Amino acid sequence: MPDDASFISRPSPPLAADHNPPSPSPPLAPDHARENSGHPPRSSTPETNPTPPRPPQSGWHAFRTGASLTARYPQLLLLSWAVNLLAALLLAALPAITLATGPGNRPVMRDMADGLDTWLWIETLMSPQAAMQLSGTAPDAGLSIGLGTVFLWTLLAALILPVLAWLAGAFLQGGILTAYRDAPLPFRWRRFLWGSWHWWAPFLLLGALQGFAALLFLLPLVAGALFAFAAGTAALGWILLALAAAVNLLGLALFEWTRILAVAGDTRDVFRALGRAARLLVRRPRPILLLYFLTLAAAALLHAVYRLGLLPILPLDAWLLVLLVAQTFLAARIFLRLLRLAGLSTLTAAPNPRSAESPFQEAP
Amino acid sequence: MTPSSRLLPLVLLAALLVPLPATAATPHPHFPDASPPCCFGCPSGVAARCSHLAACCLDLAACCSPPDVASYTIDVTLDAEAKTLTGHQVITYVNTTDRPIPDLVFHLYLNAFSSRDTLFMREGGPMHRGNPWDPAQAGWIEVTALRLAGGSLLDLVEIKDGTLARAELPTPIPPGESASFEVDFDAQLPRVFARTGYVGDFFMVGQWFPKLGVWEGDGWNAYPFHANAEFYADFGTYDVTITLPDHFVTAATGLPVSPAAHEDGTQTIRYRAEGVIDFAWTASPDFQAATRTVDGVELVYLYLPEHAWSVDRALDAAEASLVHFGQWYGPYPYPRLTVVDVPDDGEGAGGMEYPMLVTAGTMSITGLPVGESQADRSLEVVVIHEVGHQWWQSTVAFNEAEEPWLDEGFTEYSAVRLIGQLHGEDTSALDTPFVDLGLLDARRMEYLLSPGVPMYGPAWEFDGLEYVTAAYSKPAIALLTLEGVLGSDVMLDVMSTFYRRYQFAHPTTEDFRAVAEEVSGQDLSWFFADLVYGDAIVNYTVGDLDASSVTVVRQGGLPVPTEVLITFADGTTILEPWDAVQPEVTFTYPDRAPILSAEVDPDRDVVVDLNWADNGLSRDLYTSSWLALVTRLVYYLQEALLIFGGL
């Protein structure tokens, strides 16, 4: 099987054509030299690896190796989940405080705890109109109990959210991928933080590109699908939606693969990495797409269990139970995402079977 | 008044078996001089046939068959290629009033679609329910001859707009007498627009023949065809013979009798309906029929093949309507009910009521095709609403032009009530994993846009959005509020009494007020003076709250009687009635445990309340509920962070 043989064990060499001088983290520099030069030490040299893992040979092997790597570094899972939770708490702070000081003393809170009924949305949306109607008859008519403010703060949080996700996500990914690149060396916080800082700016740029690409390609497809549904051509709508899903998947794979190649190749030139990722994706899509298929299928299964199996039976007002189940679900989702990144990282260690070259040895 | 001597023994027997309720003593509006028992009251000149003897003396209206005031015998031919009608009709009109009738006034509804300059087009614009009016496919009707039956020609003169015309009679029709007239007419059907017309081979033929107004003793009650207004007509027997190509499947008001095929490739089908106010028919070669029998009524769903998925849903909704409305108000009075499906590009023909025939449609409230998904209940909503009109328009025949809130409001109240029971209050219109919408929610949203608009008023005095609020949303909300105040049993008693008393009659708002106050035993000025005729609005809230007293406040001028639920620290509660006449009232409890919370209208019976969320107040934070909400908010934010940033 050509693809099975395409990723055989081989240490990751430096990116031959990386012209970003000076490389802040020469992959093979000895620790003492790096420390002398002001660079953070590499966790270990290949020579000191206790038991080098056998790199995967296919998408399935990447999936399995990714799972074992993710389990090997629980710090990454814990950190990702903690940052996710803290960022959400930060965003939720203002709405939560307003909720406590305004409608928190209204019996309607009990209804809201059971789920936000449509009447409440409608009433909140319409309350300015109703207040205007009442203003003639009751000068002090104060229909607002603060729900509108809660929704405004929530809306503001929703607007800030993509920016916060972009900043924090780009920061974490550098460290996470550095850790996976250095596997199976023990996790070191200093190394992680160095990786996060080192690739933060390039990954921010990459994230912006990814967002722009989504607006450029995804938005028209989704809008077209909605328009097709509205126009009564449901078949066209479904085709466009399927196309949008495929484009989304390819885009995700391309940009994630780019980040991984950048870290594996120790380059901050994300444009070159993007070009290489695109070429590799076209030339050897099978293991990558298989890995994506497996992780996305696992995520779909997880969603099904959570949304169809657990959510319907969870009493929404039992907040502690809901909190525990939801956080477990989110942690599992993060685990799957880390698994995918780890699996992709291990794929970079394998050479091209046809040219017997590493992906990083391709011509720039 | 001459009773039917043959039926007298049976009537007396029924009277002995069934006690006469108090309401039966009220005179029937059509026969004010009638005295109970009911069948004694049918005036001469009016066909007096007791169809349900046992029920006859339960109430006056159940006694006689509907009066034949304006009866039509029509012979019409459809040219399916040219989309034209050629008709000949004989009208037999009975003057049931005490004044002579000097003239005739006819509605010529199809002329509303003849040009952009008609009243209908100017008011409503050239677009109706997504169907544009096409000047190349306009509609019109022309009376080619009007004469006294077997007699002289009458001169028909346009009154206004081409949709209303008048003919002077050589001699007035005396009170209690009848007269017959012959009318020849040609009509061009428009491409489907405002309930009538054709799309391809599909025909929905409504408002299609010259139709008399309603003589009310001092003149004809008839208006030009306004965009918002619907119809108003006398009861009568319709005997309609339709000739059209033999490959068409048809349905109509009434029962089919004596179909006949001809050698020239045409067929003739005769329909007959008694006690109806209108006659509409439909035809398409593609129609397929599905039928059920519900409480002795033949229920027919005529559907197009592309909508085969809708058969069970439409029949289920229509059956539930027949059963529940029959239980709530009184039995459906006709032997058959046909629900007609319409093509996707002819949605303008959908969602309309005629006696014994209603049109539905498969378009969604979201503007998207409903499809086979059960999540979108637009199909059920429209079927239940239109079938509801069989009670509140076809049988209790309000004047839809002058008081549209009565027929649309009563029907929408019935629809909201039923579909909420069938599919859940919160999911009756839309039930998806992400968004739910109850029909009541949708109606309340419309109501909140302009809650002060009076419900009462002629259709043409409202603009488009106001009309929806005044005729549909606010009446449904107001009647649900009335039910909340009176209780469900009393409300159904009010509605069923009103239905029985005014079956086959033309009641007004004041007639409903009389019945409602009589049956409930309450002064309902807050409902009629402030809500129906007036522009009053209301918002209940809690003003002040301390350990021993609570002050509740009515904002706005609508005093809807309600209750205040007060909860004390020891877990006990008190439900205080509050008539809301005073805008503010304080309840004090010096000898009880400290007050924990207070809530006005805790069951949310006052649906007209502008804001339910501010109805209650607690001295303490609802910590557990707050945490539940914050937990969920945090979770959703975490999900979004994962999607956007891979966190």
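This note goes through the predicted model point by point, from confidence and numbering to the chains, their contact and some local details.

1. Basis and numbering. Residues are numbered from 1 along each chain as its sequence is written, while chains are lettered from A and ligands numbered from 1 in the order in which they are written. Since this is a predicted model, local features need pLDDT of at least 70 and side-chain atom pairs count only at pLDDT 80 or more, whereas totals for chains, interfaces and linings use all residues.

2. Confidence. The model scores ipTM 0.81 and pTM 0.79. For chain B the mean pLDDT (the predictor's confidence in each residue, from 0 to 100) is 89, and 88% of its residues reach 70 or more. Residues 1-63 of chain B have pLDDT below 50, and beyond near neighbours in sequence this stretch has 111 contacts in the model, a contact being two residues whose C-beta atoms, placed from the backbone, lie within 7 Å. Where pLDDT is low, the predicted coordinates should not be read in detail.

3. Chain A overall. Chain A comes to 12 helices and zero strands, where helices (H or I, at least four residues) and strands (E, at least two) are DSSP runs numbered from the N terminus. Of its 364 residues, 41% count as buried; a residue is buried if 20 or more other C-beta atoms lie within 10 Å of its own, exposed if 12 or fewer, and partly exposed in between, with C-beta atoms placed from the backbone. Among contacts in chain A between residues at least 6 apart in sequence, 75% join residues at least 24 apart.

4. Helix α11 of chain A. This helix, residues 285-310, has 26 residues and reaches 36 Å from its first C-alpha to its last, close to the 38 Å expected at 1.5 Å a residue, the expected span being 1.5 Å times one less than the number of residues. Its buried residues are Pro287(A), Ile288(A), Leu291(A), Tyr292(A), Leu294(A) and Thr295(A). An α-helix has 3.6 residues a turn, so residues three or four places apart point the same way. The cover over the buried residues of α11(A) includes α2 (59-72), α9 (234-264), α10 (270-283) and α12 (319-347) of chain A.

5. Local details in chain A. The peptide bond from Ala183(A) to Pro184(A) is cis, with omega near 10 degrees, and Pro184(A) lies in the loop between α6 (147-181) and α7 (189-198) of chain A. His198(A) lies in helix α7 of chain A and counts as buried, with 20 C-beta neighbours inside 10 Å. His198(A) and Gly175(A) are 23 residues apart in sequence and 8.5 Å apart in space, C-alpha to C-alpha.

6. Strand pairing in chain B. Strands pair if DSSP finds at least two bridges between them. Strand β9 (residues 178-188) of chain B pairs in the antiparallel sense with β2 (residues 84-94) over 11 bridges, and Leu85(B) stands opposite Ala187(B). Strand β6 (residues 140-148) of chain B also pairs with β9(B) in the antiparallel sense, over eight bridges, and here Trp140(B) stands opposite Gln188(B).

7. Positive phi in chain B. Ala194(B) is not a glycine, yet has a positive phi of about 50 degrees; Ala194(B) sits in the loop between β9 and β10 (197-199) of chain B and is buried, with 25 other C-beta atoms within 10 Å. Asp601(B), also not a glycine, has a positive phi of about 50 degrees, lies in the loop between β32 (595-600) and β33 (616-618) of chain B, and counts as buried with 24 C-beta neighbours inside 10 Å.

8. Cores. The largest nonpolar core (buried Ala, Val, Leu, Ile, Met, Phe, Trp, Tyr and Cys residues joined through C-beta atoms within 7 Å) has 184 residues, and Val383(B) is among those with the most contacts inside it. Apart from this core lies another, of 81 residues, including Trp81(A) and Tyr635(B). Val383(B) belongs to helix α5 (residues 378-388) of chain B, in which 11 of 11 residues are buried.

9. Contact between the chains. In all, 53 residues of chain B are in contact with 63 residues of chain A. On the chain B side, the largest share, 18 residues, comes from α13(B).
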